[in-house]
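Student: I have a chain to go through and would like to start from its surface and its rings. Can we take it one question at a time?

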Amino acid sequence: MQPYSLYFHIPFCKHRCAYCDFNTYAGQESLIPAYVNALRRETEFVGRSASDQISVHTVFFGGGTPSLLSPAQFESIFKTIEKNFDLSGDFENTIEANPGTVSFDELKKLRKIGINRISFGVQSANTEELRMLERAHDFFDVIDAVGAARKAGFDNLNLDLIYGLPEQTLETWQTTVKRILDLHPEHISAYALTLEHGTPFGRWSSRGLLPLPDPDLAAEMYEWTSDTFGAAGYLQYEISNWARPGRECVHNLQYWRGLPYLAFGAGGHGYAGGYRYSNALRIKTYIERMSQPSSFIFHPFPLSPATVNQHKQTEADDMSEFMMTGLRLTKAGVTESDFRSRFGRGLRDVYPKEIEELIGFGLLEWHKTTPKGAEALDVLRLTQRGRLLGNQVFMRFVE
């Protein structure tokens, strides 16, 4: 049986940044104890509703700012996970954290209870850019956080970055990248800024109060970054992610390979048992749904009383999503054999026109690879140009 991944959404923040469109809330930290109890109840509910005990190989605490929870609260959640799921011996357990929000003592406790990977939201090494992004830390906090994590025993760190910022220059971005490389993380994520509707950044931009990022400059930043990280020994295994060999994020690979994952918490989105589903967004609503005994009527796995949206996947849904997520993997791509094994038909049978046209545009290519001790595989993957225009490629596989 394919092992699952578990995602826990921690929606609390000290301050909601102007560019953020995640399901996060500031000033509601008083609800954290009740929220942790609700998370534990949902974990137990879903674990018990499965017909067999589910094997789990990754756990991810995202947000928001998960590091606002205490080590004791994480430990209580983790004990509930252990009671209701079968954790593999070498599972990956990640927590997102903001620099400046965790101390050495807290990190040491987190490492002791089983968290073995940290993703720090760095975004930039430039003071003015951090101020524009409304981040509370500076780069000295980043250096301190990385040092404390190393001292606490963490040997698997990711640093998150954002490029393509308004008025950002290639030179300031290059400085950020070089400073990040000086910290020697095992994994680096770099995402282009998107001005999302409903965020302050989106509103300011629509009113002309915030200059739009230059797409050509962002593309130049991306290509320079890919070359620079590659020269430093990092493998670009996904459009926006680089890792030391063997340090790819196993949890995110679960998403990109179209494999099952369960989601817990306010606004959590999951994919398992043939369903795409999501939970109530508001913190109080989520707590209430998981606190009322009358709500604990029958819910088919993987749904819970917190579920507010569910969609039973069709084969066409799964095929489209398999292509959109799989093509994000720059080296692995989508193999003909994997697609045929999962859907009973080949890529050329299902998407002959789309593949031919995208190859003609220079956005996709067929690549033959031969894993050790295995037969040669036909892999469909993005070209270098296709990585810059990925969304245009992905949309061709949406019905």
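The exchange below covers charged patches, aromatic pairs and some backbone features.

Tutor: This is a predicted model, in which local features need pLDDT of at least 70, side-chain atom pairs count only at pLDDT 80 or more, and totals for chains, interfaces and linings use all residues. Residues are numbered from 1 along each chain as its sequence is written, and side-chain values use heavy atoms, with hydrogens and water left out.

Student: Which helix gives the most to the positive surface patch?

Tutor: Patches are made of residues with over 30% relative accessible area and no salt bridge, with like charges joined within 9 Å and nonpolar side chains (Val, Leu, Ile, Met, Phe, Trp, Tyr) within 5 Å. A salt bridge is a side-chain nitrogen of Lys or Arg within 4 Å of a carboxyl oxygen of Asp or Glu. Here the positive patch consists of Lys108, Lys109, Lys112 and Lys151. Helices are DSSP runs of H or I with at least four residues, strands are E runs of at least two, and both are numbered from the N terminus; the leading contributor, with three residues spanning part of 104–112, is helix α3.

Student: Where does the largest share of the negative patch come from?

Tutor: The negative patch is made up of Glu171, Glu220, Glu223 and Asp227. Glu171 sits in helix α6 (residues 170–181). Three residues, the largest share, come from residues 215–231, which is helix α8.

Student: Is Glu171 buried or exposed?

Tutor: Buried means under 20% relative accessible area, exposed over 50%, and partly exposed in between (1.4 Å probe, protein chains only). Glu171 has a relative accessibility of 51%, so this residue counts as exposed.

Student: And Ser226, buried or exposed?

Tutor: Ser226 belongs to helix α8. Its relative accessible area is 14%, so Ser226 is buried.

Student: How are the rings of Phe61 and Phe74 arranged?

Tutor: Rings of Phe, Tyr and Trp (its six-membered ring) pair if their centres lie within 6.5 Å; planes under 30 degrees apart count as stacked, over 60 as edge-to-face and the rest as tilted. By this rule there are 22 aromatic pairs. For Phe61 and Phe74 the centres are 5.0 Å apart and the planes stand at 80°, so the pair is edge-to-face.

Student: How many residues apart are Phe61 and Phe74?

Tutor: Phe61 is in strand β4 (residues 55–63) and Phe74 in helix α2 (residues 71–84). Phe61 is buried at 1% relative accessibility, and Phe74 is buried with a relative accessible area of 1%. The pair links distant parts of the chain, and the separation is 13 residues.

Student: Which residue does the cis peptide bond from Gly63 lead to?

Tutor: The omega of this cis bond is near 15°. The residue reached lies in the loop between β4 and α2. That residue is Gly64.

Student: What is omega for the cis bond between Phe301 and Pro302?

Tutor: Pro302 is placed in the loop between α10 (283–289) and β14 (307–312). A cis peptide bond joins Phe301 to Pro302, with omega about 10°.

Student: What is phi of Glu134?

Tutor: Glu134 is in the loop between α4 (127–132) and α5 (139–151), and with a relative accessible area of 29% Glu134 is partly exposed. Phi is positive in this residue other than glycine, at a value near 65°.

Student: What is phi of His184?

Tutor: His184 is in the loop between α6 and β8 (187–192), and counts as exposed at 52% relative accessibility. Its phi is positive, in a residue other than glycine, and lies near 55°.

How values were computed
Areas by Shrake-Rupley, 256 points an atom, 1.4 Å probe, with all protein chains shown as cover. Lys, Arg positive; Asp, Glu negative; His and termini not counted. Charge placed at Lys NZ, Arg CZ, Asp CG, Glu CD.
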